[in-house]
Every structure is written in structure tokens, then in C-alpha cells.
Amino acid sequence: MDPGADGALNCRTPSPRPQIGGVRSSFAPWEDPAARPLVRFDGVSKAFGDTVAVKAVDLSIYEGEFFALLGPSGCGKTTLMRMLAGFESPDAGRIMLEGRDIQADPPHRRPVHMMFQAYALFPHLNVAQNIGFGLRRQGMAKAEIAGRVEEMLALVKLEGLGGRRPDQLSGGQRQRVALARALAPRPRILLLDEPMAALDKKLREETQFELMSLQQSLGMTFMIVTHDQDEAMVVADRIAVMREGRIVQAGRPAEIYEAPADRYVAGFIGDVNLFEGRVSAAEGPLLRLQAGDDRFDAEGAAAVGDQVWLAVRPEKIAIHLDPPADPRNRLAGKILDYGYLGDWTTYLVEVAPGRTIRAARANTTRAVDRPLGCGDPVWLTFAPSSAVVLTK
Amino acid sequence: MKRGPSPFNIASVVLGLAFLYAPIVILVVYSFNASRLVTVWGGFSTRWYVALFQDAQMLDAVWVTLRVGVLSATLATVLGTLAAVALVRGGFRGRTALAGGVYATLVMPEVILGLSLLLLFVAAGLPRGFWTVTLSHSTLTLAYATVVVQARLATFDRNLEEAAQDLGCPPWKAFALVTLPGIAPAVAAAWMLAFTLSLDDLVIASFTSGPGATTLPMRLYSQVRLGVDPKINAVSTLLIGLVATGVIAVYLTQQRRRGRGGPGK
């Protein structure tokens, strides 16, 4: 199948409107105006000296949600998380937990637990003592602690390893101990600071799915900080993309990917082809753009004369070996380079000297009649509904 | 077949060790000398050890020295650990000044330190004796203890303390339950260093001691001036044995820890 080959949708009669992302989920408390958030950041700002880490962040996280803070390093996501844990205090704004301002509470009084990036397991305690650490501080009875520790060990699949010391464990096992230790006292919200940064790719993918099923079976609220967009896309119900201390966009992974708020988000999550141009005509939701010598049709909201950017994902661009009949959104070019990834192949197509477009194709068959190679002339097309019109 | 150390290496090691330890070996050997004359070997005997344990003055000096050593080392280690925590963790004004103040005693001549302490005690009207020596030795060894603990604390993972706080420990408890076990080897080493320094200090003890609180180095020094008594060899051998046992014990516990994969990272 050619991704984007179904692009011949009739855009003039777009009803019933398809849902963005194509994944159905009924869990969306953030769309319910009556829902009370578990955690609320209310105009929170924080600076370290002259460096502003977090700028006027408003954010609500709901009970049972798996929330991801995504951004490059230094964007303020860790600072935001540490403020919730109590290790930093905001310069301005409030942080509310279950409707209560927790500003005055020190870290040890907050029902918020954190899993540290380097795990921070206590080296002088064994696995069971590490997991029971928070329970002992709560004054739980010894027998009860032992029971809960066993329960947690089973939950993270480390039965029988309670007597080991942290340095007798593998990286993946340590990560599980850290998770069990933070989960054992049943926090209202679990904070995960780059929890999988130290794991290799295969283990990371497994752990992502385990983390999701754990979160769902426990019915707990998780907040993860990560710079890995794939990780955020996989695990999170909702993602907030941060940039320079601000939240640029918050939404479901599919919304972030398919309907990015601006060029930054479009470029940060996945690959994107951008065409800069102006709106030359508008007809309902359909806009006609003039981008240099090229003219494109796309759906979006902008006024005639506005400067806009057209964002098209590589997998939504179809590659044709013969010129398609429909001249709309058609570009002719030559294959400059390609990358074979097994499941996908990404082609770099030169449409004008020095100007390349990225197009991706799923390798759905093992053999192809007319394989593509460098230098081959091709035509690229995309459907007006597959492109996103960005105004900033 | 060019394995093992070369003759040159063997020679230099032997010479180096001889240079370091020949005097001590001679002292130990002559402590078992039957002769009264320190320089003439008169056969093996333990008579000087018997005589030593009958010398009340000498035993008293040993007892004073050990008590001063234990108390001053403990005080210096506690204060030094607190100072190290403040220097490493505290983000307060005047930290550099505190560091300078703590380290000043490292470079200050002992004579000056002893004299200034004496002047302080005289001005304060404190009678010189056991407690003034103990306090003075704490002053002397505090800087050493601070340096040792500070070096370890600087590399100690701050996240561990935060994790403990996150799981419900107030800051002091996080320190006691997590940081202290982590830096314990350094604290023990600091104590040993302070104890050893106190044990062999003569200068400061001479300035700040009073009647009834004569430390062993003071007693030995005054006796040697009257003529060398083989009992001195005996007491010195016992002291060397004590310190060596302590050092080896610390070394072995650390080795065991490491073998078990203790907190060393």
C-alpha cells in the first residue's frame, strides 16, 4: 500500500469528518469541563539566576492519566517536575494537588513520588529494604511492609531478588526496583524522570508497554519527563511539548502529530516537509497557497494574504513512477538518496536544485516490479486533507 | 622469560622499605632486649614490658593519651563532618570564608596554634589540664577530618538524599539514613587520622596541658632527656602495634565491603 494513495478524498464534502489520528479512546477527562484536575500548575514560573527555566506554565493533569512532558534538554521539563515533587519552589504561580496549594509542603510531606533518572537506589540497602523505605517512613507495621514489598516485587517481576544488593542487579532490574520503590507507598501521582534513558532500545520498548499496563492496572496517575518523542507517543494519554520554558502544545499524541500547533512542534515530533507561502484564495475550509512557483491546495484556517507554512509528513506523500493525471499538489523530481529501514523506506527527492522533499513508503511486499533507485524521475502527490496549514 | 621485577626494582624497594622501617624494627627488637643498655643486645626478655606495667606514671600517661585521642577525634570528626556538609551542600554567603577558616589550621605552625590556644585558655581563666588538651587536639585535627569527609561528600550522589526525602524523610533523617552510611568509610578514616594525630602530638599538648594530664609523648620526651630507658621501647612497640592493628582493621573492613560490592561506585 502506498501511504497517501487514498489521498483522492473529496475534500469539498468532508462529512462525516474523520477523527484525527484514527485511534479511538474514550478516556479524555481534559475535555470534560466538570472534571477536577488532580494536579494544576497555575501560572508557574521559575528562574535560576538569569536563566528562565519555566515561564508562566498553566497545566492540568487528571486522575488516571499518563501525562508526558516532552522537549529537548534544557526546555524546563525537569524543573517543572521537580517543582511538583517539591525540590524546587516556583518564583511565581501556584501548584495545586487535589485543589490544595502545596507550596508550603516540603518534599517529604507530598504524596508525590519520583523515580529518578539514575534510579538513586540506596546502595547500602538490599532490594526489599529499598522498596520498603517509603513504607517504613509512613510508620507501617513490619509484617505489612513485608507483604507489600512481596507484592511490589511480583508486580515488577523481581520475585526472589529481595535480598540482592542494587549493584548485583542488571540495569533493567535496577530500573524495576526504582519503580517499585516509588510505587510502594501508593503516591497520588508518580513522577518519572527520563526513566528509560539508561536502557537499550529493545528493553526500552518492552518497558514502555509494561509501564503502560502497570499504570492502567493500578489505575494511578503517571507523569513522565522525556526528550524521546517515540517514548512519549507510545506511553502517554496526553503530551505537552515544551520549548524554552513554555508549553507550546498539549494534546493526545495523535493531535500533536497530525495537528501540530506550529512549525516547532511539527518539526520536533517526527519528520516534516515545510512549504512557505501565502494564501491566494479560500473556499470554505479549502485554501489555495502560492509557495514560490508551486501552488498547493490544503485544508486549514487562514485568511487570504496570510503568510503560512504547509506541513506534510513524509508518509503522507505518495510516490508515482508515471505522472499522475490530477495536477493538484503534484511535484516532479528525482530521487537523490534513500534510506531503507526494513519496514519503511525514506526517499529524498530533489524537486528543484537544492530543494529536497522527504517521502516515505511502507514496504508491504517483499518484491517490487519496478524498484526505485537514485536518479529515477518520480512524481510526488499529497491530498489536501493530508497537509497541515500552520500560521506560526 | 623477562617476568617479575628487575634487580634494580628489587633493590630500590628494599632500600626504600629499609629507610622507612629500619628504625621501627630496631626499636621493636630492642624492646625485647634483656640488657639495661639500649645499644647492647643481651638476649631475649620481656622484662621491660613487665617493668612498664609496673610503672604507674607511664601507664597513667598512656591512659590520658588514649582518652584524649578518643574524645578529641570523636569531637573533631563530628564537627568536621558537619563542616564538610556545610561546605559541600550549603549555598550560603561566606562559604569561601568558612573553608578558609577551617583549612587555616592545616598550614598554621603548631607552635603558633599551641601558643594561641594557651593564651585563649589563660584569658578565659580555664585551668589547664585534660579538657584543654582534648579541646586543643580537636582544634588541631578538625581541618584534617573536614578534608577527608568533604572529599567523599563531594562525589556522593545528591539524588540519593532527594530520593530519601521524596519517600518521606525530613532532611536530617535523609542524612542519617542514607548519606551517613554512604560516607561512613570516610568518616571512619577521618576519625582514625584525627586519633593518630592526637596520639603523637607533643607541641600542642605541651602548651595546653596542665598538672595531672601528662600525655605519653610528653612523658617520653621528658624521660628521654634524662636518659633512654628500655621501657620506652616497650611502650613504643605497644603503640605501634595498636595503630597498626587499627589501620589493618579499617583496611580489611573496607576490602570486605568492596568484595561484597559495598557502596563504592
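Chain A is divided into two domains, and tracing them is a good way to begin. Domain 1 is built from two stretches of the chain, 4–111 and 187–264, while domain 2 covers 271–390. If you take the centre of each domain over its C-alpha atoms, the two centres in chain A are 31 Å apart. Keep in mind as you look around that this is a predicted model.

Now step back and view chain A as a whole. Its C-alpha atoms fill a box of roughly 75 × 50 × 45 Å along the principal axes. Try picking out the secondary structure as you rotate the view: chain A has eight helices and 20 strands. Of the 392 residues in chain A, 40% are buried. You can also ask how far apart along the sequence the contacting residues of chain A sit. Looking at contacts with a separation of 6 or more, 66% join residues that are 24 or more positions apart.

Next, let us zoom in on two single residues of chain A. Start at the loop between β6 (112–115) and α2 (127–137), where you will find A:A120. This residue is not a glycine, yet A:A120 has a positive phi of about 50°. Is A:A120 buried or exposed? A residue is called buried if 20 or more other C-beta atoms lie within 10 Å of its own. A:A120 has 25 such neighbours, so it counts as buried.

The second residue, A:N329, is in the loop between β15 (318–320) and β16 (330–340) of chain A. Here too the backbone angle deserves a look: A:N329 has a positive phi of about 45°, although it is not a glycine. The cut-off of 20 can be applied to this residue as well. Because A:N329 has 24 C-beta neighbours inside 10 Å, it counts as buried.

Finally, turn to the place where chain A meets chain B. How many residues does each chain bring to the contact? Chain A provides 20 residues and chain B provides 16. On the chain B side, the helices α7 (158–166) and α8 (171–199) each supply at least two of the residues that touch chain A. Of the elements on that side, α7(B) gives the most, with six residues. You can also sort the chain B side by residue class: eight of its residues are nonpolar, five are polar and three are charged. With the view centred on this contact, try finding α7 (158–166) of chain B, then follow the chain on to α8 (171–199).

Definitions and conventions: Residues are numbered from 1 along each chain as its sequence is written. Chains are lettered from A and ligands numbered from 1 in the order in which they are written. This is a predicted model: local features need pLDDT of at least 70, side-chain atom pairs count only at pLDDT 80 or more; totals for chains, interfaces and linings use all residues. Two residues are in contact if their C-beta atoms, placed from the backbone, lie within 7 Å. Helices (H or I, at least four residues) and strands (E, at least two) are DSSP runs, numbered from the N terminus. Ala, Val, Leu, Ile, Met, Phe, Trp, Tyr, Cys and Pro count as nonpolar, Asp, Glu, Lys and Arg as charged, and the others, Gly among them, as polar. Domain bounds come from an automatic or database domain assignment. A residue is buried if 20 or more other C-beta atoms lie within 10 Å of its own, exposed if 12 or fewer, and partly exposed in between; C-beta atoms are placed from the backbone.
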